[in-house]
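Below are some notes on the model, set out as numbered points for discussion. Please read them with the structure open.

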Amino acid sequence: MRRILVGVLLVMLCAASVSAGSSEEEAKSALDKGDYTRALALTRPFAEQGQAWAQTTLAWMYDMGKGMPQDKKEAITWYRKAAEQGNATAQFNLGAIYARGQDYKEAVAWFRKAAEQGDADAQFTLGTMYDMGQGIPEDDKEAAAWYRRAAAQGNAAAQTNLGTMYAEGKGVPQDYKEAVAWWRKGAEQGDAWGQVNLAMMYEQGKEVPQDDKEAVEWYRKAAEHGNATAQFNLGVMYARGKGVPQDYKEALAWYRKAAVQGHADAQFNLGLMYLAGNGMLKNFKEAAAWFHKAAIQGDAWAHLHLGRMYRDGKGVPKDRVRAYLWLSLADAAIVQRKTKDRPDEIADDMRSMERDLSTEEMDKAQKLAQRCQDTKFKQCE
């Protein structure tokens with residue numbers, strides 16, 4: 001429900017920090033036009049004279065490989081020169097480079113310098129570092145405080161994250177009304193996670209009137225931005241006819257968009273549609289392929305369906321060992337959820353397989369299942 005930037009952070013285009021002056025404005029204009037050769041020629045002399053805006057711009061060009069071969073060492077050198085003069089953009093970008101290299105402690109130090117100067121992107125990013133405990137002890141109150149500073153300046157991602165802090169009661173008292181207010185601010189600025197969260201509130205009727213049509217509209221906005229959760233949820237709305245006329249072809253299209261991004265629930269639902277022939281002809285091979293993609297992400301229901309397809313030889317070669325492997329993983333997932341009793345359908349499938357398997361087959365299936373769990377589904381077959 002929250003947009004978090006971890007590990008790799010986007011480097012800001014620093015041309016906007018160019019100050020007034022004819023040559024400086026020419027450099028900025030060249031950057032805006034993508035004329036990096038001219039921008040480089042105009043910028044380097046000012047950088048070598050010690051002007052921070054030019055040092056930041058030159059660093060960005062090295063960082064991104066614009067107008068010259070990409071050179072991270074040179075980028076760091078020039079960012080540092082500008083950062084040490086107090087240039088907030090350089091401080092943020094230097095922090096971003098350290099974060100990409102997973103030196104989070106150093107990244108935090110530079111993000112903080114920029115944040116304390118009022119840089120909204122740095123404030124948001126420092127909030128995420130406190131939120132995730134990267135380079136600094138996890139601290140929900142500090143995270144919320146930095147999100148609030150950035151949100152007050154109109155940073156959409158910070159507005160969304162602050163809304164989630166209110167929804168979860170992290171660092172602030174739990175307050176869904178406040179959550180919705182901040183999600184709406186982020187959503188209206190085009191933040192995809194803000195749009196998803198607001199859509200969920202309309203779908204559930206939580207702190208807003210229940211309205212499936214409004215939910216669909218917000219899911220669609222986020223889905224069109226490429227948000228996989230929104231694409232999946234929009235697919236569900238079409239499949240169930242909630243807020244839109246029921247349309248399996250539309251559901252299929254949105255599930256596929258989410259599934260190719262690795263969304264496990266979308267992969268599973270896509271498998272179900274191929275299995276049942278909803279919106280298309282039945283295709284057991286495709287169904288099995290999508291169940292497998294969801295299964296190796298740990299989806300228990302995908303384990304169950306994939307196990308049945310191996311048992312019955314639908315879309316995959318009939319294989320009792322693999323069938324029991326996936327059925328046992330489905331059963332294990334249910335047990336881990338501390339469900340009082342196994343669902344009858346899983347219990348019946350397991351008993352049937354246990355009667356039919358030889359001791360050797362059972363032993364092989366159990367070893368495969370253990371290896372699969374030990375490797376977090378990376379080595380299952």
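1. Which residues does R220 touch, not counting residues up to four places away in sequence? The residues are L234, Y238, V244 and W254, where contact means heavy atoms within 4.5 Å. R220 lies in helix α12 (residues 212-224), helices being DSSP runs of H or I with at least four residues, numbered from the N terminus. R220 is buried, that is, under 20% relative accessible area, with exposed meaning over 50% and partly exposed in between (1.4 Å probe, protein chains only). R220 nevertheless has no salt bridge, the nearest side chain of opposite charge being E217 at 4.2 Å; a salt bridge requires a side-chain nitrogen of Lys or Arg within 4 Å of a carboxyl oxygen of Asp or Glu.

2. On the basis of these notes: this is a predicted model, in which local features need pLDDT of at least 70 and side-chain atom pairs count only at pLDDT 80 or more, whereas totals for chains, interfaces and linings use all residues. Residues are numbered from 1 along each chain as its sequence is written, and side-chain values use heavy atoms, with hydrogens and water left out.

3. The structure holds 14 salt bridges. In one of them the side chains of K170 and D131 meet at 3.5 Å, N to O, and this pair links distant parts of the chain, since K170 sits in the loop between α9 (156-168) and α10 (176-188) while D131 belongs to helix α7, 39 residues apart. Both K170 and D131 are buried.

4. Another salt bridge joins R351 and D348 at 2.6 Å, N to O, both partners lying in helix α19 (residues 344-356), three residues apart, or about one turn of the helix. R351 counts as partly exposed because its relative accessibility is 38%, and D348 because its value is 41%.

5. Helix α5 (residues 88-100) has 13 residues, of which 12 are buried. The buried residues pack against α3 (52-64), α4 (72-83), α6 (104-116) and α7 (120-132). Just after α5, Q102 takes a positive phi of about 65°.

6. The largest nonpolar core (buried Ala, Val, Leu, Ile, Met, Phe, Trp, Tyr and Cys residues joined through side-chain atoms within 4.5 Å) has 126 residues, and those with the most contacts inside it are Y79, Y219, Y255 and W326. The largest share of this core, nine residues, comes from helix α18 (residues 320-336).

Technical notes. Helices (H or I, at least four residues) and strands (E, at least two) are DSSP runs, numbered from the N terminus. The expected span of a helix is 1.5 Å times one less than its number of residues. Lys and Arg count as positive and Asp and Glu as negative; His and the chain ends are not counted.
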